[in-house]
Amino acid sequence: MKRFTCALAPSFVLALLLLPAYGETATATWQKHVVHQGFHTNAVVAADYNGDGKTDIVANNDSKTRLFTAPDWTETVIDATPGHQCIHAETFDVDVDGDPDFIGARYQPGLIFWLENPGAEGGAPWKSHLVSEELNGIHGLLKGDVDGDGRTDLLANSAQPVGTDHPVSLAWLSVPSNPREAKSWKAHIFAKGDAPGLTHYLGLGDVNGDGRPDAATGAKGKPSLDGNYFAWWEAPSDPQAVWKKHLIAEDQLGATNIHPADVNGDGKCDFIASLGHGVGVVWFEAPQWTRHEIHATLKEPHSLIALDFDGDGDTDAATCAFGSREAYWFENDGKGGFTKHLVARDQAAYDIRAADLDGDQDLDLLIAGQRSKNVVWYENPAKP
């Protein structure tokens, strides 16, 4: 059976200077680049969409999905379908034709759709295809190989208790053999009615070391009284069956993001998490899920990513908080001690991504600025 690592790999930021641990430090300046402004933006992704070797950007705002082509960020509206207002997005090669496509999710009424990249032919609009209308309250989308067949699947939540046959649940969706012709994708409900409290983003990784990827999420609470927790779901041998829920921590006001990772290098799977509708970035140490602070006062760190940003072999973290209007990356010393590095001020974010946007072989920071009403990226000052 294919072996999965503890840590999930979304995308974000990078290497900086070697600095003293356990404090907040000044770092080299991250130059800000404005791609688009004027609209509240929740969803942004990056990939080489036109095959020229440069990383492009796709963002959804004002019920339009816009492609910004590198290096000058030339704008093309690739979808203007009414109702395609995304709260979150993903990108991967859905139809396995060699180019990345766009996957978007509307929160309520729930909708997931994908836009077919025309590739070398170019042009707009991109053809829209339905993924699912079965879920409602879709906040998180996450790509990953759930069933170990070597193909990318999609995970999503159904956070609302109404408007769906799958209330307060979590699902994974397998791509049909011919996604261009399929009417929809099959939804496998793995957390069946036991994910209440307005769940948010999803994490994926092998938590218990059995070689199968498990899933995790945070539920923000307010106004839902049964939220404010982090939990993970244990994948069975048959991933299409219902998964077993395990509580990580209760009384986590505003819980939103959680990613599995071996934070302290002891071979056990821990979790890095943020309280994106509350205050703070934390990590939970296995096996008792002891809570440790990473940033105790950061307000509404709604976005979160966990990766090895500085190339030293351990898992770091990064966020942009829309309450504090600050972006940080957190340098792990390999033992779970984190140094706070400020990336930007006066910037809010709903989502955050990492990509090499200037072709210099390091990862830059890409932000969907909702309250900032912009799409921006911050240039990594480190030299690869």
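What pLDDT does the protein average, and what share of the residues score at least 70? I began with confidence, since I was working from a predicted model. I noted an average pLDDT of 91 for the protein, with 93% of the residues scoring at least 70. I then looked up residues 8-26, over which the pLDDT is below 50. In the model this stretch has 80 contacts beyond near neighbours in sequence. I record those contacts together with the pLDDT below 50 for residues 8-26.

**Entry: cysteines**

I searched the whole structure for disulfides and found zero. I looked up C86, which is in no disulfide; the nearest cysteine sulfur to it belongs to C320 and is 20 Å away. Why is the sulfur of C320 not bonded to that of C86? The two sulfurs are 20 Å apart, which is too far for a bond, because a disulfide requires a pair of cysteine sulfur atoms within 2.5 Å. I also checked whether each cysteine is buried or exposed. C86 counts as buried, at 2% relative accessibility. C320 counts as buried as well, with a relative accessibility of 0%.

**Entry: nonpolar core**

I next looked up the largest nonpolar core and found that it has 18 residues. The residues with the most contacts inside this core are I103, I112, L141 and W185. Which elements give two or more residues to this core? I listed strands β8 (101-106), β9 (111-116), β12 (153-158), β13 (169-174) and β14 (186-191). As background, I note that nonpolar side chains tend to be buried together in soluble globular proteins.

I followed L141 outward, leaving aside residues up to four places away in sequence. L141 touches H88, A89 and E90, and also I103, G104 and A105. Further contacts of L141 are I112, L154, L155 and A156.

**Entry: A156**

I took A156 from that list and placed it in strand β12. Is A156 buried or exposed? A156 is buried, with a relative accessible area of 0%. Not counting residues up to four places away in sequence, A156 touches I112, L135, I138, G140 and L141. The remaining contacts of A156 are L170, A171, L173 and L202. For a separation in sequence and space, I looked up A156 and T81: these residues are 75 residues apart in sequence, and their C-alpha atoms are 22 Å apart.

**Entry: cis peptide bonds**

I looked up the peptide bond from Q108 to P109 and recorded it as cis, with omega near -5°. P109 is in the loop between β8 and β9; β8 and β9 are among the strands listed above for the core. I also recorded a cis peptide bond joining K222 and P223, with omega about 10°. P223 is found in the loop between β16 (214-219) and β17 (229-234).

**Entry: positive phi**

Which loop holds K222? K222 lies in the loop between β16 and β17. I noted that K222 has a positive phi of about 45°, although it is not a glycine. K222 counts as exposed, at 60% relative accessibility. R325 also has a positive phi, about 55°, and is not a glycine. I placed R325 in the loop between β24 (316-321) and β25 (326-332). At 27% relative accessibility, R325 counts as partly exposed.

Notes. Residues numbered from 1 in each chain as written. Heavy atoms only, no water. Buried < 20%, exposed > 50% of the residue type's maximum accessible area, 1.4 Å probe, protein only. Core = buried A, V, L, I, M, F, W, Y, C linked by side-chain atoms within 4.5 Å. Helix = DSSP H or I, 4+ residues; strand = E, 2+ residues; numbered from the N terminus. Contact = heavy atoms within 4.5 Å. pLDDT = per-residue confidence, 0-100.
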